[in-house]
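User: I would like to learn how to read the surroundings of a bound ligand. Please take me through the structure shown below.

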Amino acid sequence: MTVSKQQVLEALAKVPTPRGVPLPQASVLSEITATDGKVFFSIGVDAAEARAWEDVRHRAEAAVRGIAGVTTVMVALTAERKPGTAPAAPARPAGGVQPVSAHRPHSHGAPGQHPAAKQAEVEGVAAVIAVASGKGGVGKSTTALNLALGLRDQGLRVGLLDADIYGPSIPRLTGLRDKPQLNEAKKMIPLQRFGLAIMSIGFLVEEETAMIWRGPMVMSAITQMLRDVAWGTLDVLVVDMPPGTGDAQLTLAQNVPLKGAIIVSTPQDLALIDARRGIAMFRKVNVPVLGIVENMSYFQCPECGTRSDIFGHGGARHEAERLGVPFLGEIPLHMSIRSTSDAGTPVVESEADGTHAGLYRAIGAKVREQLKPFISAA
Ligand code: ADP
């Protein structure tokens with residue numbers, strides 16, 4: 001059954017707003033996408049009004065969910081602060097977006113006390129960590145998934161949130177195509193694979209739809225995936241960040257209650273410059289950098305196992321030392337990492353006794369060690 005934009009607008013006409021007019025007349029709606037029963041749009045308001053509009057967002061979702069044929073609804077509340085206005089009150093956990101504040105005070109709290117911990121935690125999740133890269137194509141998603149499996153093998157309960165909204169690759173890397181169902185509390189139930197709880201925007205929208213989203217809408221969608229998903233009880237939730245260090249990434253780093261971040265880099269100098277930007281970004285928002293992973297570090301011949309340092313070697317390790325962040329490990333450029341990833345059977349799972357799985361597990365162990373203060377099972 002197809003759902004039209006007109007039907008969505010008719011349902012929204014029953015939703016009142018603080019502006020005294022029904023939602024479609026309030027000049028706050030983005031483009032509405034309605035494909036295969038999946039409906040997405042955003043409500044854009046000034047940050048100072050965000051609280052009042054959270055209720056509208058809920059009512060809008062409920063109204064659209066009531067249309068016959070609608071299977072998924074995501075309504076994002078995007079709050080953009082206008083210059084010169086006061087900062088918005090903190091958004092409620094279920095909804096809105098806080099703008100990036102230009103002067104977020106740097107905290108010098110007691111050792112072990114992470115400023116990020118002040119943000120609203122994700123219910124049931126002990127530690128949320130980000131896997132980031134300064135640019136695309138360095139193997140960030142492959143690393144995020146295999147690291148999540150490495151943490152699983154440490155005996156931890158692990159989830160994976162694919163926040164790489166510009167190119168969600170976790171559906172491909174895990175072979176998952178199903179659509180998440182809603183539970184009784186109307187929260188999305190993450191998909192399960194390899195013992196991980198997995199959520200990706202790619203389960204909800206086509207890749208092209210995600211591409212046209214604007215920065216604030218991206219942020220809001222990710223916040224909702226974080227908060228409106230029934231993650232259950234997790235020790236670690238690994239967030240596969242969008243690549244780069246632009247405003248969307250910075251806002252994300254600031255709004256997600258991160259206990260730490262891992263930077264994935266290739267050995268080439270240029271990639272390291274990007275990696276440095278990544279480290280600077282997390283430091284700016286007081287998120288501890290748990291370390292650097294050097295991916296495609298050296299070439300390992302699939303036939304004879306011989307190692308060739310085709311990119312030069314040791315750049316990321318040297319850089320990590322210089323910047324005072326831990327070096328977590330080197331992953332070779334290897335055919336089986338690529339082929340297993342692209343077949344939806346990550347190497348830690350499909351070649352569990354192999355060298356590569358061992359490398360990812362060793363990285364997992366180093367990350368787990370750093371997360372000990374937060375994880376009771378660790
Ligand atoms: P990103 O998330 O940084 O864009 P991906 O994780 O999607 O990058 O990886 C990009 C491509 O590189 C994929 O085809 C993946 O299989 C491949 N790849 C990633 N890491 C390795 C590796 N260590 N060895 C071989 N291929 C890799």
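User: Which element supplies the largest share of the shell around the ligand?

Analyst: This is a predicted model, in which local features need pLDDT of at least 70 and side-chain atom pairs count only at pLDDT 80 or more, while totals for chains, interfaces and linings use all residues. Residues are numbered from 1 along each chain as its sequence is written, and side-chain values use heavy atoms, with hydrogens and water left out. Helices (DSSP H or I, at least four residues) and strands (E, at least two) are numbered from the N terminus. Here, H10 gives the largest share of the shell, 4 residues. Helix H3 (140–152), strand S10 (289–300), strand S12 (327–333) and helix H10 (335–342) each contribute at least two.

User: How many residues surround the ligand, and which are the closest?

Analyst: A residue counts when one of its heavy atoms lies within 4 Å of the molecule. The ligand is surrounded by 16 residues, the closest being Gly139, Lys140, Ser141, Thr142 and Pro332. By class, 6 are nonpolar, 7 polar and 3 charged.

User: Which backbone atoms lie at short distances from oxygen atoms of the ligand?

Analyst: A polar contact is a pair of N or O atoms within 3.5 Å. A backbone N or O atom of Gly139 is 2.9 Å from a ligand oxygen; for polar backbone atoms of Gly137 the distance is 3.0 Å, and for Val138 it is 3.1 Å. The protein covers 85% of the 560 Å² of accessible area (Shrake-Rupley, 1.4 Å probe) that the ligand has on its own.

User: What space does the ligand take?

Analyst: Rolling a probe the size of a water molecule over the atoms shows where empty space is left. A pocket is an open set of points on a 1 Å grid over the protein atoms alone, where a 1.4 Å probe fits, with protein on both sides within 12 Å along at least five of seven lines; lining residues have an atom within 4 Å of a point. The ligand occupies the second largest pocket (more than half of its atoms lie within 2 Å of the grid points), with a volume of about 430 Å³. Among its 23 lining residues, Gly137, Val138, Gly139, Thr142 and Met296 are closest to the centre.

Terms used: A polar contact is a pair of N or O atoms within 3.5 Å; within protein, one must be able to donate a hydrogen and the other to accept it, and residues adjacent in sequence count only if both atoms are side-chain atoms. Ala, Val, Leu, Ile, Met, Phe, Trp, Tyr, Cys and Pro count as nonpolar, Asp, Glu, Lys and Arg as charged, and the others, Gly among them, as polar. Grid points are joined across faces, edges and corners, and a volume is the space filled by probe spheres set on the points.
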